[in-house]
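Got the viewer open? Keep the selection box handy, and we'll walk from stop to stop.

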Amino acid sequence: LEAMIGEKLIMNEAVKQGAEASADEVKQKITEVEKTLSGSMSLDDSLKMQGITRAEFENQVRIQLMIEKMLSREVSVSAEEVANYVQNNAKSMTASTDAERKVEAENLLKGNKISQKFSEWFTKLKESAKIEKYL
């Protein structure tokens, strides 16, 4: 129930802010996820192991894209942060060129900042919402 309420709150806020995720954006993100599996396992097999249907996964991706759109306006990553991350984590990165490493580092750092911002933002969103539960 809490998960359903959370999803509804996020979706409503995304619509208010004009941060909806299109079907093409969801499809593109899923394609990116499939590429990260590197042929070791299909996405469907991975989802099956996790007990998630493809439709549920697509919904999760849609919500994640909405969150990224809403909160990415509020976070930034400096060139210094990227350089430090690449220097300290070059061996564990998947990118092979310096330019690709910088992009990978920026995406990871931005994702981390969005995750941190989300916790704070979602708590405020829940507090301001008028939720009534009838069981």
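The tour goes through salt bridges, one helix, a helix pair and a loop residue.

Before you click, note that this is a predicted model: local features need pLDDT of at least 70 and side-chain atom pairs count only at pLDDT 80 or more, while totals for chains, interfaces and linings use all residues. Residues are numbered from 1 along each chain as its sequence is written, and side-chain values use heavy atoms, with hydrogens and water left out.

**Stop 1: salt bridges**

Side chains of opposite charge can pair when their charged atoms come close. Here a salt bridge means a side-chain nitrogen of Lys or Arg within 4 Å of a carboxyl oxygen of Asp or Glu. The structure has eleven of them.

Select K29 and E32 to begin: their side chains form a salt bridge, 3.8 Å from N to O. Both residues sit in helix α2 (residues 23-36), three residues apart, which is about one turn of the helix. Helices here are DSSP runs (H or I, at least four residues), numbered from the N terminus. E32 is partly exposed, with a relative accessible area of 38%, and K29, at 28%, is partly exposed too. On this scale, buried means under 20% relative accessible area, exposed over 50%, and partly exposed in between (1.4 Å probe, protein chains only).

Next, pick D44 and R54, another salt bridge, where the closest N and O atoms are 2.9 Å apart. D44 belongs to helix α3 (residues 43-50) and R54 to helix α4 (residues 54-71), so this pair ties together parts ten residues apart in sequence. D44 has 44% relative accessibility and R54 has 30%, and each counts as partly exposed.

Now jump to K117 and E74, whose side chains meet in a salt bridge at 3.3 Å, N to O. This one links distant parts of the chain: K117 is in helix α6 (residues 98-128), E74 is in the loop between α4 and α5 (79-89), and the two are 43 residues apart. K117 is partly exposed at 24%, as is E74 at 48%.

To close this stop, select E34, D44, R54 and E58 together: salt bridges that share partners join them into one network.

**Stop 2: helix α3**

Which residues of α3 are buried? Colour L43, S46 and L47. They cover an arc of only 100° around the axis (taken from the directions from the helix axis to the C-beta atoms), so they lie on the same side of α3. The buried residues pack against α2 and α4. Spin round to the face turned away from the buried side, and you'll find the exposed residues K48 and M49. Just after α3, G51 has a positive phi of about 75°.

**Stop 3: α5 against α6**

Show these two helices alone. Their axes are 9 Å apart and they pack at an angle of about 110°; axes are lines fitted to C-alpha atoms over the stretch in contact, and angles run from 0 to 180 degrees between N-to-C directions. α5 and α6 are therefore roughly perpendicular, a label for 65 to 115 degrees.

For the contact (heavy atoms within 4.5 Å), select E81, V82, Y85 and V86 in α5, which meet R101, K102, A105, E106, L108, L109 and K113 in α6.

**Stop 4: R73**

Finish in the loop between α4 and α5, where R73 is found. R73 is exposed, at 55% relative accessibility. Setting aside neighbours within four places in sequence, R73 is in contact with Q17, G18 and A19. For a last distance check, R73 and G111 are 12 Å apart in space, C-alpha to C-alpha, and 38 residues apart in sequence.

Note on methods: Angles under 35 degrees count as roughly parallel, over 145 as roughly antiparallel, 65 to 115 as roughly perpendicular and the rest as oblique.
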